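Biologist: Could you take me through one part of this model up close? I'd like to hear how two of its helices meet and what surrounds them.

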Amino acid sequence: MKPVLQTLICSTRPGRAGPAVARWFHQAASDIGSFETELVDLDEFKLPVFDEPEHPRLRKYHHEHTRRWSASVGRADAFVFVLPEYNYSPPPSLLNAMDYLVAEWSYKPVAFVSYGGVGGGLRAMQAARLMTANFRMVPIQEAVPVFNFREQIGADGVFTPSEPQRKAVGPLVAELHKLVGALKPLYAPPSA
């Protein structure tokens, strides 16, 4: 069975460009064929500001939205976070979503597709690398920055990647796949 790679649309903002960029990356990663791929939209979980009464390390989730989110994240072996830059940072929706869980993130590799203006979301990506490392995730060096992203989204809402962006997908997916094999024994659920 192939490992599961989730491409996570991290912005929940109305009018966001994340879905267009994420659909492109998701299809490109799927075409490689080394992962079972899932496109996950954080907005569909409707997570309020963190509202669980117990610490997430205990995994005693009281709310259905948390249980659904936990099941989604728990089934993934690797992640690609598609994120914009808001005020030099990743979107607050991502930090909130990460705070809901602990064990589900641990020892899983993560890569980034960032988008923004002239900075391409690079500052948000760097902040997200630090954040994910604190969740015991393993952020990789390979990434796909998208500079001036609006210029690559047509009137039909379809994102058209540049040649360097297309070429960056293969090495990124290959590195995630390599790390999944090495890390999986660390995050396998404990036997009952």
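Modeller: Quick bit of vocabulary to start: a helix axis here is a line fitted to C-alpha atoms over the stretch in contact, and angles run from 0 to 180 degrees between N-to-C directions. Bear in mind that this is a predicted model. With that in hand, look at H1 and H5, whose axes come within 10 Å and cross at roughly 55°. Angles from 35 up to 65 degrees fall outside the parallel and perpendicular classes, so H1 and H5 count as oblique to each other. As for handedness, H1 passes H5 in a right-handed crossing. On the H1 side, the contact is made by Trp24, Phe25, Ala28, Ala29 and Ile32, while H5 brings Gln165, Arg166, Val169, Gly170, Leu172 and Val173.

Two of those names turn up again in the largest nonpolar core, which has 30 residues: Phe25 and Leu172 are listed with Val80, Val113 and Leu176 as having the most contacts inside it. At least two residues of this core come from each of strand S1 (4-9), helix H1 (18-32), S3, S4, S5 and helix H5 (163-187). H5 gives the most, with eight residues. Zoom in on Leu172 and, leaving aside residues up to four places away in sequence, you'll find it touching Phe25, Val80, Ala111, Phe112, Ile140, Glu142, Ala143 and Val144. Apart from this core lies another, of 27 residues, with Tyr61, Trp69, Ala97 and Met131 among them.

Met131 takes us over to H4, where it is one of the buried residues. The buried residues of H4 pack against strand S3 (78-84), helix H3 (92-99), strand S4 (109-115) and strand S5 (138-146).

Technical notes:
Residues numbered from 1 in each chain as written. Predicted model: local features only at pLDDT ≥ 70, side-chain atom pairs only at ≥ 80, totals over all residues. Heavy atoms only, no water. Buried < 20%, exposed > 50% of the residue type's maximum accessible area, 1.4 Å probe, protein only. Helix = DSSP H or I, 4+ residues; strand = E, 2+ residues; numbered from the N terminus. Contact = heavy atoms within 4.5 Å. Core = buried A, V, L, I, M, F, W, Y, C linked by side-chain atoms within 4.5 Å. Parallel < 35°, antiparallel > 145°, perpendicular 65-115°, else oblique. Left-handed = near helix turned anticlockwise from the far one by under 90°.
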